[in-house]
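User: I am new to this structure and would like to go through it in questions and answers. Please show it to me before we begin.

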Amino acid sequence: MESAADIPTVDEAGLPRLPTLRSGLWVLKNTPKDVIAKLNAATVEALGDPAVRKQLEISACRCRQRTKLAPEALGAWQKAEIEKWWPMIKAANVKVD
């Protein structure tokens with residue numbers, strides 16, 4: 001990132017493959033596809049605004065590539081994360097209070 005050009009990346013600091021934080025917008029399971037499409041289009045448009053991008057950069061946030069902003073991409077990422085972490089959560093017998 002431009003605002004942190006002199007700070008090494010996590011990989012450069014010797015912590016390869018460290019999980020990163022991700023943000024997304026989720027809706028209820030039965031939300032109509034046309035509503036999802038409108039929400040996604042509005043989100044992509046907002047994230048394309050230079051003022052929004054500048055604010056995100058100030059907050060040390062980076063926008064994903066446009067192709068990764070599709071609802072299907074978020075769903076695929078979420079599914080992969082569940083498949084990756086669920087066995088460890090079960091093995092550690094993690095419980096929610």
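**Asparagine 93 and the rest of the chain**

Analyst: This is a predicted model. Asparagine 93 has a relative accessible area of 52%. Exposed means over 50%, so asparagine 93 counts as exposed.

User: Where does asparagine 93 lie relative to the helices, and what is its phi?

Analyst: Asparagine 93 belongs to the segment after α3. It is not a glycine, yet its phi is positive. The value is about 55°.

User: How many helices and strands are there, and in what order do the elements run?

Analyst: The protein chain contains 3 helices and 0 strands. Read from the N terminus on, the order of its elements is α-α-α.

User: Why is the protein chain described as more spread out than a compact globule?

Analyst: For 97 residues the globule rule gives 13 Å. The C-alpha trace spans about 45 × 45 × 25 Å along its principal axes. The chain is more spread out than a compact globule because its radius of gyration is well over the rule's value, at 17 Å.

User: What share of the residues counts as buried?

Analyst: A residue is buried when its relative accessible area is under 20%. The accessible surface of the protein chain is about 8800 Å², and carbon and sulfur atoms hold 60% of that surface. Of the 97 residues, the share that counts as buried is 5%.

User: Is glutamine 78 buried, partly exposed or exposed?

Analyst: Glutamine 78 sits in helix α3, which covers residues 71-91. Its relative accessible area is 32%. Partly exposed is the class between under 20% and over 50%, so glutamine 78 is partly exposed.

User: What distance separates the C-alpha atoms of glutamine 78 and glycine 24?

Analyst: Along the chain, glutamine 78 and glycine 24 are 54 residues apart. In space, their C-alpha atoms are separated by 9.9 Å.

User: What percentage of the contacts with a separation of 6 or more joins residues 24 or more positions apart?

Analyst: Contacts in the protein chain with a separation of 6 or more form the total here. Residues 24 or more positions apart account for a share of 55%.

User: How far apart are the mean positions of the positive and negative charges?

Analyst: The protein chain has 15 positive and 12 negative charges. Their mean positions are apart by 8 Å.

User: Which helix has the highest confidence?

Analyst: Over the protein chain the pLDDT averages 87, and 97% of the residues score at least 70. Confidence is lowest in helix α2 (residues 50-58), with a mean of 87. It is highest, at 94, in residues 33-47, which form helix α1.

Technical notes:
Residues numbered from 1 in each chain as written. Predicted model: local features only at pLDDT ≥ 70, side-chain atom pairs only at ≥ 80, totals over all residues. Heavy atoms only, no water. Helix = DSSP H or I, 4+ residues; strand = E, 2+ residues; numbered from the N terminus. Rg over C-alpha atoms; globule rule 2.2 N^0.38 Å. Buried < 20%, exposed > 50% of the residue type's maximum accessible area, 1.4 Å probe, protein only. Contact = heavy atoms within 4.5 Å. Areas by Shrake-Rupley, 256 points an atom, 1.4 Å probe, with all protein chains shown as cover. Lys, Arg positive; Asp, Glu negative; His and termini not counted. Charge placed at Lys NZ, Arg CZ, Asp CG, Glu CD. pLDDT = per-residue confidence, 0-100.
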